[in-house]
Amino acid sequence: MKNKIELASISSCTGCSACVDICPTQSITMKLNGALHYFPHINDDTCISCGKCMKICPILSPLTAEESVQRYYAAWSTNDDIRKGGTSGGIGTAFASNAIEKGWAVIGAAFDEEWNLIQCLATSLDDIKRFKGSKYLQSKSDQCYKDIVRLISQDQHVLFIGTPCQVEAVKKIIPVSKRNLLLTCGIICHGVNSPVVWSAYVDSLEKKYKSKLISYNFRSKLKGWGQDQRGNVRLNVTYHFANGKVVNEPAWKNQFHYWFGLHLMMRESCFHCLYRKEQRNSDLTIGDFWGVQRILPNLQNAHDGVSVVVTSTSRGEEFFSQCSDIEKYVVDSSSTQKVLKGYLDTRSESVKKEEVERMKLFDLDYGKCGFNKLKKKYSAPTFVGRFFESVKFYLGIKS
């Protein structure tokens, strides 16, 4: 008998992979659909049509919105190594450290030896070092749900750090009676990028520099943190190789970051994200606090990075208040709308439609041509090209 299961559409599936872990017959696997992204695929021969995958899917069966009170903070770790080594204020690492010290387990995103990004388990302070820093691509999250279910069934507290769509999936997979053991921390996410393109990009770097990539910082602070006098965010990318070679370049010149900025590698669901709104679905939300000095002009020592922290539940507020190694400042209610501008999706539907069509074209081109040819077709700008674009902009000349 043909199975009666219909999972989320290609346009709406977030790739959270909760359906993979919940399937009792292991009939669901993540497979490429197109050239860039993975989607759940059902084996009709082994599927028993139990419907567990449909019930767990945050898209097909979303959770009822919880009543919550949003509180906003500017914050950073008082540990200089954590703060300077983090993307902004080092708050993610600080939260993970505090959870470990409480005897909790932590789930976060880390690269394996082959530079695949995976949601994995940490039970020690050494383990969480792998979670440090932003990673601008989709993490592989199947299997992590099984770890969380197992730990919570043993009455173990778990801190989960991930994207808002992953947070929703984790909350769905945990029984309501056990959710008091789960604390969720969502990151301010502007969309996840293709792990396929990332893998090819890493391979191209290792061939170019004839050495193994040993570290990659998507958001380096070598040129400082924050915004320049024109309000432009300082974004640099730094990476190291086993042969000692170190590369530091502005993000606009970096091929992977350039494609990310154009939204060429994002999942289609990211263009219509259900979670980029004021009411957050996690206990805690963290991200960069861009423009913090305009909102808190008397704030001192902001140059090493400042995080925005949003507490949405009493459990999140309690955990945050108990973190002794964090310096924090309350953002008053009159300034919260300025903070929100940093992570709400305010693009028009027509702009989103154009971006989706451009992304689909990139997907088709990638399937036909591969990374190396597209690197030429969609090449990052040069210093000279960027200079002339700036001149045209100031003169009001359209490209």
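These legends go with several close-up views of a predicted model.

Residues are numbered from 1 along each chain as its sequence is written, and side-chain values use heavy atoms, with hydrogens and water left out. Because the model is predicted, local features need pLDDT of at least 70 and side-chain atom pairs count only at pLDDT 80 or more, while totals for chains, interfaces and linings use all residues.

**View 1. The whole chain, with its 14 helices and 13 strands.** Helices (H or I, at least four residues) and strands (E, at least two) are DSSP runs, numbered from the N terminus. The C-alpha trace spans about 65 × 55 × 45 Å along its principal axes. A compact globule of 399 residues would have a radius of gyration near 21 Å, and the chain agrees, with 21 Å. That radius is taken over C-alpha atoms, and the globule rule is 2.2 Å times the number of residues to the power 0.38. As for burial, 51% of the 399 residues count as buried; that means under 20% relative accessible area, with exposed being over 50% and partly exposed in between (1.4 Å probe, protein chains only).

**View 2. The hairpin of β1 and β2.** Strand β1 (residues 28-32) and strand β2 (residues 38-42) run antiparallel, joined by five bridges. DSSP has to find at least two bridges between two strands for them to pair. Look for M30, whose bridge partner in β2 is P40. Five residues sit between the strands, and G34 takes a positive phi near 90° in this hairpin.

**View 3. Helix α6, mostly covered.** This helix takes in residues 164-173, and ten of its ten residues are buried. Among them are P164, C165, Q166 and V167, along with the charged-type names E168, K171 and K172. So what does the covering of the buried residues of α6 include? The cover includes helices α1 (18-22), α2 (52-56) and α5 (144-153), plus strands β5 (117-122), β6 (158-162) and β7 (182-187).

**View 4. F160 in strand β6.** F160 counts as buried because its relative accessibility is 0%. Leaving aside neighbours within four places in sequence, F160 is in contact (heavy atoms within 4.5 Å) with Q166, V167 and V170. Its other partners include I107, Q119, C144, I148, L182, L183, T184 and C185. A96 lies 64 residues from F160 in sequence, with 9.0 Å between them in space, C-alpha to C-alpha.
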